Amino acid sequence: MKKLIGLVIILSLFFILGETFYLHSSFAKSNQQKKLNIEKLDFSKQTLKEGKTLYKRHCVTCHGIKGYGDGPGATNLNPKPRNLKEDKLKYGESYNEILKLVSNGIPKSKDMVPWKNVLSKKQLESISAYVKTLRKN
Ligand code: HEC
């Protein structure tokens with residue numbers, strides 16, 4: 001009987017360890033995958049080119065052609081559009097944070113609206129990659 005209990009304990013230990021290892025490795029894998037996607041976005045010329053075209057079409061009126069927040073539509077806005085080149089970004093400066101902000105807009109802002117209603121996921125990604133490259137840092 002004692003032997004049987006010992007065996008059960010050993011078997012459950014193996015099971016728990018195996019499960020933890022499995023979960024850990026699949027988690028690491030999905031993280032690695034995400035990282036790869038971001039790198040691909042940041043460095044692909046095609047993506048940045050598309051982002052630039054979209055930026056010119058949708059964002060320049062307020063944020064300005066170079067991103068200094070000095071577009072023709074910015075004059076009467078309060079608060080002013082963010083200077084995307086130099087201002088600290090309130091909602092975070094990483095690619096992912098910019099993507100989230102551009103997709104969902106700024107809460108209660110009548111000017112910085114959620115762009116996910118207008119642009120596709122791929123377009124949101126390329127425009128955010130482009131905005132990230134506008135930053136000095
Ligand atoms: C109608 C004018 C307008 C347009 C068009 C516009 N924005 Fe904005 N944007 C603003 C204003 C105003 C703010 C700051 C709002 C605030 O502080 O409440 C802002 C803020 C931001 C921020 C800064 C958020 C932070 O964390 O500080 C980012 C990034 C941004 N816009 C990106 C974009 C992108 C990309 C586009 C084009 C898809 C775009 N905006 C189009 C007016 C505009």
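Start with α5 and put a distance on its two end C-alpha atoms: they sit 20 Å apart, and since 14 residues at 1.5 Å a residue should span 20 Å, the helix agrees with expectation. Keep in mind as you click around that this is a predicted model.

**Along α5**

Stay on this helix and colour its buried residues. They are Leu124, Glu125, Ser126, Ile127, Ser128, Ala129, Tyr130, Val131 and Lys132. Next, pick Thr133, which also belongs to α5. Is threonine 133 buried or partly exposed? It has 14 C-beta neighbours inside 10 Å, so threonine 133 counts as partly exposed. Now show lysine 85 as well: 48 residues separate lysine 85 and threonine 133 along the chain, yet their C-alpha atoms are 8.9 Å apart.

**Over to α4**

Select residues 95-104, which make up α4. Ile98, Leu99, Leu101 and Val102 are the ones to colour here, as they are buried in this helix. Turn the view until you look down the axis of α4: the buried residues fall within an arc of 165°, so they line one face of the helix. What do the buried residues of α4 pack against? The partner is α5, the helix you began with.

For a close-up of that packing, centre on isoleucine 98. Beyond its neighbours within four places in sequence, isoleucine 98 is in contact with Ser128, Val131 and Lys132.

**The nonpolar core**

Now select Tyr55, Cys59, Leu84, Ile98, Leu99, Leu101, Val102, Leu124, Ile127, Ala129, Tyr130 and Val131 together and show their side chains. These twelve residues form the largest nonpolar core. Both α4 and α5 supply at least two residues each, and α5 gives the most, with five. As background, nonpolar side chains tend to be buried together in soluble globular proteins.

While you have Tyr130 on screen, add threonine 53, a residue of helix α2 (residues 45-58). Threonine 53 and tyrosine 130 are 77 residues apart along the chain, and 9.6 Å separates their C-alpha atoms. Threonine 53 counts as partly exposed, because it has 14 C-beta neighbours inside 10 Å.

**Around the ligand**

Bring up the ligand and select what surrounds it. How many residues are there? You should get 24, and the closest of them are Cys59, Cys62, Leu89, Tyr91 and Met112. The elements that give two or more residues to this shell are α3 (60-63), α4 and α5 (121-134). Colour the shell by residue type and you'll find 16 nonpolar residues, five polar and three charged. Cys59 is worth a second look, since it appears among the closest residues to the ligand and also in the nonpolar core.

**Backbone oddities in the loops**

Three spots deserve a click with the backbone shown as sticks.

- Go to the loop between α3 and α4, where proline 79 lies. The peptide bond leading into it from asparagine 78 is cis, with omega near 0°.
- Move on to glycine 105, just after α4, which takes a positive phi of about 70°.
- Finish at lysine 108, in the loop between α4 and α5. Lysine 108 is not a glycine, but its phi is positive too, at about 70°. It is exposed, with 6 other C-beta atoms within 10 Å.

**Zooming out**

Reset the view and switch to cartoon. What does the secondary structure of the chain come to? Count five helices and zero strands, running along the sequence as α-α-α-α-α. If you colour the whole chain by burial, 17% of its 137 residues count as buried. For a sense of how the chain folds back on itself, look at contacts with a separation of 6 or more: 48% of them join residues 24 or more positions apart.

Technical notes:
Residues are numbered from 1 along each chain as its sequence is written. This is a predicted model: local features need pLDDT of at least 70, side-chain atom pairs count only at pLDDT 80 or more; totals for chains, interfaces and linings use all residues. A residue is near a molecule or strand if its C-beta atom, placed from the backbone, lies within 6 Å of it. Helices (H or I, at least four residues) and strands (E, at least two) are DSSP runs, numbered from the N terminus. Ala, Val, Leu, Ile, Met, Phe, Trp, Tyr, Cys and Pro count as nonpolar, Asp, Glu, Lys and Arg as charged, and the others, Gly among them, as polar. A residue is buried if 20 or more other C-beta atoms lie within 10 Å of its own, exposed if 12 or fewer, and partly exposed in between; C-beta atoms are placed from the backbone. The arc is that of the directions from the helix axis to the C-beta atoms. Two residues are in contact if their C-beta atoms, placed from the backbone, lie within 7 Å. A nonpolar core is a set of buried Ala, Val, Leu, Ile, Met, Phe, Trp, Tyr and Cys residues joined through C-beta atoms within 7 Å. The expected span of a helix is 1.5 Å times one less than its number of residues.
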